[in-house]
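Biologist: I've got a fold open on my screen and I'd like to learn how to read it. Could you walk me through it?

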Amino acid sequence: MRVTVIGCSGSYPGPESSASCYLVEAELQGRTWRILLDLGSGALGSLQRHVDAGSIDGVFLSHLHADHCLDLCGYYVMRKYHPDGALPRIPVWGPADTAGRMARAYDLEEQPGMNEEFDFIPYGTTAIEIGPFTVTARRVVHPVTAYGLRIEADGRALAYSGDTGLCHGLDDTAREADLFLCEASFMEGAPNPPDLHLTGAEAGLTAQRAGSRKLVLTHIPPWHEPAQVLAEAEGEYDGPIELAVPGQVHEV
């Protein structure tokens, strides 16, 4: 698998990055399969620097906050009104009300809404198979329904936290992952609300106890200093750590 960081700014786009979006690619039967983990504010523009946006096979939304899903509106327009004709319908997995949420976001009637462009599928209890990928969604703690995502292909595992506080669902998602892409939105010592986001130290602690083989810290808001978040994580995790950087490619 290859993971390209499309956007990694936390909560809203920053001066150096769009909001959350990660391109995951793997080969099967002579072609490259491509899925997106989230498509947050500004990410559709950034995505086009790396691939043809029409070549995506499926989208997985961790939750329905704007910084993780709202550029699906622009993607709907691109696929519906493409000058070469409407592009084929593709699956979009997410929380149960994803179809309605996206229709309301673009001021559409819920029927047909975006259902002619996207096949909206709610997460269930079974793993999802698409091309070379097996994707498992686990509930994590956040003010809205949210999921951590575990993507497996070619005997390797990528874990993506989405947005979450400390919880068993996050631990299970990260268990022995070859790469753990984990949010770190809060700073230690601040009056942080519970069950909302992780600090760098909590991200490192989760990676350590889950046995993750590599940690990449992401979703750091523009108002925080990334080096400080990194230092917090390094105090809790003894494996390799990096900060997510737009355009960065990780081989999993």
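**Strands, sheets and cores**

Modeller: Let's start small: threonine 4 has leucine 23 in β2 as its bridge partner. One caution before we go on: this is a predicted model.

Biologist: Fine. How do I get from a single bridge to a strand pair?

Modeller: The general idea is that strands of a sheet pair through backbone hydrogen bonds, either parallel or antiparallel. Here β1 and β2 pair in the antiparallel sense over five bridges. β1 also pairs with strand β14 (residues 249–251), again antiparallel, over three bridges. In that second pairing, arginine 2 stands opposite glutamate 251 of β14.

Biologist: With strands on both sides, how many residues of β1 are buried?

Modeller: Five of its six, so β1 is largely enclosed by the rest of the structure.

Biologist: In what order do the strands of this sheet run?

Modeller: Read across, the order is β6-β5-β4-β3-β2-β1-β14, an open sheet of seven strands with mixed pairing. The edges are β6 (118–122) and β14, each of which pairs on one side only. On average, neighbouring strands here are turned by 25° against each other, direction ignored.

Biologist: Mixed pairing means I should look for a parallel case too. In which sense do β3 and β4 pair?

Modeller: Parallel: β3 and strand β4 (residues 58–60) are joined over three bridges. Isoleucine 35 stands opposite glycine 58 of β4 there.

Biologist: What lies across β4, β5 and β6?

Modeller: Helix α3 (residues 72–80) does, with β5 spanning 90–94, and the helix runs at about 145° to β6.

Biologist: Now the other sheet. Which strands stand at its edges?

Modeller: Take the order before the edges. This open sheet also has seven strands, β7-β8-β9-β10-β11-β12-β13, and its pairing is mixed. β7 and β13 are at the edges with a single partner strand each, so one side of each is left without a neighbour in the sheet. Neighbouring strands are turned by 20° against each other on average, direction ignored.

Biologist: How many bridges join β12 to β13?

Modeller: Three, and the two strands run parallel. Leucine 215 stands opposite isoleucine 241 in β13. On the helix side, α7 packs on the sheet and touches β12 and β13, its direction making about 165° with that of β13. Another helix, α6, lies across β11 and β12 and runs at about 155° to β11.

Biologist: How do I tell which face of α7 is turned inward?

Modeller: List the buried residues, then look down the axis. For helix α7 (residues 226–234) the list is Val229, Leu230, Glu232 and Ala233. Seen down the axis, the buried residues of α7 fall within an arc of 160°, so they line one face of the helix. Their cover includes α6 (200–210), β12 (215–218) and β13 (241–243).

Biologist: Let me try a single residue in α6. Is alanine 210 buried or exposed?

Modeller: Alanine 210, which sits in helix α6, has 3% relative accessibility and therefore counts as buried. Leaving aside neighbours within four places in sequence, alanine 210 is in contact with Asp171, Ala174, Arg175 and Glu176. Take the glutamate: alanine 210 and glutamate 176 are 34 residues apart in sequence, yet their C-alpha atoms are 6.0 Å apart.

Biologist: Last topic, the nonpolar cores. Which residues have the most contacts inside the largest one?

Modeller: Leu37, Phe60, Phe133, Leu149 and Ile151, in a core of 29 residues. At least two core residues each come from β1 (2–7), β2 (21–28), β3 (31–37), β7 (128–130), β8 (133–140), β9 (146–153), β10 (156–160) and β11 (179–183). β9 gives the largest share, four residues. For a close-up, take leucine 37: beyond neighbours within four places in sequence, its contacts include Val24, Phe60, Leu149, Ile151 and Leu158. There is also a second, separate core of 25 residues, with Val51, Val92, Met102 and Phe120 among them.

Biologist: And which residues does the UniProt domain annotation cover?

Modeller: The unreviewed UniProt entry puts "domain: Metallo-beta-lactamase" on residues 18–219. Over residues 18–219 the chain is 22% helix and 30% strand, with the end C-alpha atoms 10 Å apart.

Notes: Residues are numbered from 1 along each chain as its sequence is written. This is a predicted model: local features need pLDDT of at least 70, side-chain atom pairs count only at pLDDT 80 or more; totals for chains, interfaces and linings use all residues. Side-chain values use heavy atoms; hydrogens and water are left out. A nonpolar core is a set of buried Ala, Val, Leu, Ile, Met, Phe, Trp, Tyr and Cys residues joined through side-chain atoms within 4.5 Å. Buried means under 20% relative accessible area, exposed over 50%, partly exposed in between (1.4 Å probe, protein chains only). Contact means heavy atoms within 4.5 Å. The arc is that of the directions from the helix axis to the C-beta atoms. Two strands pair if DSSP finds at least two bridges between them. UniProt positions are given in the numbering used here, feature names are shortened, and annotations may be inferred rather than shown by experiment. Axes are lines fitted to C-alpha atoms, for helices over the stretch in contact, and angles run from 0 to 180 degrees between N-to-C directions.
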